[in-house]
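Here's a small set of exercises to work through with the structure open beside you. Try each task yourself before you read its solution.

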Amino acid sequence: MTVEPDDGSTKALRLRLADALGKSGDLRTQAWRAAVETVPRETFIPGFFEAIDDPRETMWRPVTPDLVSTRERLELTYTNETWVTQLNHEISAFDTDAPIPGVPTSSSTLPGLVVRMLEELHVGNDDRVLEIGTGTGYSTGLMCARLGQEFVTSVEVDPAVAGRAKQGLAAAGFAPDLVVGDGLVGHQPGALYDRVIATCSVRHIPDAWIAQTRPGGLILTTMLGWLGASSGLVRLEVTGGGKAEGVFLGGTDSFMPARPHAAPPISDDLSSWIDDVDTTERYTDVGPEILDPWDAITPIFIAQLAAPAAQLLSYSLDDGPMLDHVVDASQRAVAILYAPPNGSAVVRQAGPVNLWDQIEMAVLEWLAAGSPALDQFRISITPEAQMVWYGDPNGPLSWNLPTIR
Ligand SMILES: C[S@@+](CC[C@H](N)C(=O)[O-])C[C@H]1O[C@@H](n2cnc3c(N)ncnc32)[C@H](O)[C@@H]1O
């Protein structure tokens with residue numbers, strides 16, 4: 001793989017991207033605009049995958065200098081799109097000549113989202129920033145351009161991804177402190193930081209991020225659950241003594257989970273248990289429509305808080321219609337949702353906890369509170385607990401986050 005030097009030929013494309021991000025409202029300040037105009041995205045994604053719609057499964061078309069014309073590749077590079085750069089933890093676009101299936105495991109995030117997050121980070125000159133999830137290094141490069149490379153530390157868990165990011169950053173003229181390792185433990189040698197930003201999504205805020213941020217400093221991250229809601233963007237202010245207070249910023253964004261925070265795979269044994277288990281059936285006031293991410297995001301978010309280890313699977317039983325299965329693998333519990341044509345909703349549950357009872361109760365409380373949007377929710381962190389709440393931290397709309405410490 002070769003990394004192209006920045007010969008200035010993409011300046012016009014960078015200006016075009018900056019204009020587009022300004023128009024969309026993601027890019028708001030001159031300082032970050034100058035960074036977008038300066039940093040050549042192509043040095044960070046010399047090769048990437050483009051999704052091709054296929055009725056059976058998503059296929060990934062490699063876009064590399066050998067396979068695609070420079071003009072088309074640069075056009076794609078400078079569109080406001082997320083480009084996948086790794087499949088299945090190991091395959092890069094340079095490893096194949098033809099479209100292949102696979103699960104994205106690293107990407108160059110949507111530039112609009114990258115700059116929105118950078119704007120929301122509220123950096124000042126001389127702020128020292130820790131980034132979790134170097135990925136391609138593009139967002140790292142933007143921070144180097146804005147703050148100076150000596151103020152930027154970035155951690156990437158995947159050594160191959162980190163190696164490519166280092167090359168891309170060098171080609172763009174930057175040499176920040178790049179660390180290969182688990183960003184969930186931060187990077188103590190560089191602490192204290194003024195800002196921590198994560199470009200992978202977490203289920204709870206790692207203690208290390210709080211400990212390594214100075215009091216008054218900010219942490220910006222997306223938070224995920226396992227029922228399929230996009231991640232909610234959160235900004236926390238560290239207040240000292242292992243504590244932090246934060247707000248959800250509204251809007252939702254899809255981000256890759258930080259590696260140990262992804263939902264566990266469902267074992268064959270658990271699948272067989274789900275197929276055969278005796279269930280208890282009842283009508284429910286909260287039907288499967290609340291699990292539709294294209295409808296409204298807050299109800300799924302509430303469901304995730306109410307049943308934090310539950311994940312959503314969709315499959316049919318006995319060749320019947322596709323049904324939503326809410327499954328908690330750790331407790332071996334399942335709720336299967338039906339929406340019969342008469343407009344009612346039915347749930348069948350099994351296991352030591354009734355997952356849908358928990359979700360239904362929380363969603364009904366949320367409806368009774370007037371269906372507040374995500375940006376009305378707050379997050380409070382102490383060394384003992386992490387809590388997401390609306391209105392009153394001790395009220396009915398408050399939940400402890402699952403913390404694996
Ligand atoms: C969406 S990509 C980052 C995008 C990047 N900021 C960019 O502009 O290209 C998320 C990255 O987080 C990395 N990652 C996942 N879990 C991590 C962890 N525990 N520590 C550090 N990096 C992690 C993934 O390997 C992946 O490269």
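Before starting, one definition: helices here are DSSP runs of H or I with at least four residues, numbered from the N terminus. Keep in mind, too, that you're looking at a predicted model.

**Exercise 1. Get the overall build**

Find out how many helices and strands the protein chain has, and how compact it is for its length.

Solution, step by step:
- Start with a count: the protein chain contains 10 helices and 19 strands.
- Next, check the radius of gyration, which is 22 Å; the globule rule gives 22 Å for 405 residues, so the chain is as compact as a globular protein of that length.
- For the outline, the C-alpha trace spans about 65 × 50 × 35 Å along its principal axes.
- Now look inside: 52% of the 405 residues count as buried.
- On the outside, the accessible surface comes to about 17,500 Å², and 51% of that belongs to carbon and sulfur atoms.
- Finally, take contacts between residues at least 6 apart in sequence: 60% of them join residues at least 24 apart.

**Exercise 2. Two domains and what they share**

Work out where domain 1 and domain 2 run, and how much area they bury between them.

Solution, step by step:
- The domain assignment gives domain 1 as 11–96 + 105–253 and domain 2 as 263–368.
- Measure centre to centre on the C-alpha atoms and you get 33 Å between domain 1 and domain 2.
- At the contact, 10 residues of domain 1 meet 16 residues of domain 2.
- A handy bit of background: an interface's size is often given as the accessible area lost when the parts come together.
- Here, domain 1 and domain 2 bury about 1,100 Å² between them, with 70% of it on carbon and sulfur atoms.

**Exercise 3. Into the core**

Which residues of the largest nonpolar core touch the most other members?

Solution, step by step:
- This core has 53 residues, and the ones that touch the most other members are Ile 205, Trp 209, Val 326, Trp 356, Ile 359 and Ile 379.
- Domain 1 and domain 2 both give residues to this core, so it lies between them.
- Apart from it sits another core of 33 residues, including Ala 35, Leu 118, Cys 144 and Phe 255.
- Now zoom in on Trp 356: leaving out residues up to four places away in sequence, its contacts include Arg 282, Val 286, Leu 291, Val 326, Leu 337 and Gln 349.

**Exercise 4. A helix and the residue after it**

Is helix α4 enclosed or exposed, and what is the sign of phi at His 122?

Solution, step by step:
- Go through helix α4 (residues 111–120): 10 of the 10 residues are buried, so it is largely enclosed by the rest of the structure.
- Among those buried residues are Arg 116, Glu 119 and Glu 120, along with Leu 113 and Met 117.
- His 122 follows α4, and its phi is positive, near 50°.
- That residue sits in the loop between α4 and β5 (129–132).
- With a relative accessible area of 42%, His 122 is partly exposed.

**Exercise 5. Unusual backbone spots**

Which peptide bond is cis, and where does Ser 371 lie?

Solution, step by step:
- First the background: most residues other than glycine have a negative phi, and most peptide bonds are trans.
- The cis bond joins Ala 191 and Leu 192, with omega about 5°.
- Leu 192 belongs to the loop between β7 (177–180) and β8 (193–198).
- Ser 371 isn't a glycine, yet its phi is positive, about 55°.
- Look for Ser 371 in the loop between α10 and β17 (378–381).
- Its relative accessibility is 32%, so Ser 371 counts as partly exposed.

**Exercise 6. Sequence distance and space**

How far apart in space are Leu 367 and Pro 299, and how far are Arg 16 and Gly 395?

Solution, step by step:
- Leu 367 is in helix α10 (residues 355–368).
- Leu 367 and Pro 299 are 68 residues apart in sequence, and their C-alpha atoms are 9.1 Å apart.
- Arg 16 is in helix α1 (residues 11–23).
- Arg 16 and Gly 395 are 379 residues apart in sequence and 48 Å apart in space, C-alpha to C-alpha.
- Not counting residues up to four places away in sequence, Arg 16 touches Glu 75 and Tyr 78.

Key: Residues numbered from 1 in each chain as written. Predicted model: local features only at pLDDT ≥ 70, side-chain atom pairs only at ≥ 80, totals over all residues. Heavy atoms only, no water. Core = buried A, V, L, I, M, F, W, Y, C linked by side-chain atoms within 4.5 Å. Buried < 20%, exposed > 50% of the residue type's maximum accessible area, 1.4 Å probe, protein only. Domains from an automatic or database assignment. Contact = heavy atoms within 4.5 Å. Helix = DSSP H or I, 4+ residues; strand = E, 2+ residues; numbered from the N terminus. Rg over C-alpha atoms; globule rule 2.2 N^0.38 Å. Areas by Shrake-Rupley, 256 points an atom, 1.4 Å probe, with all protein chains shown as cover. Buried area = accessible area lost by both parts, 1.4 Å probe.
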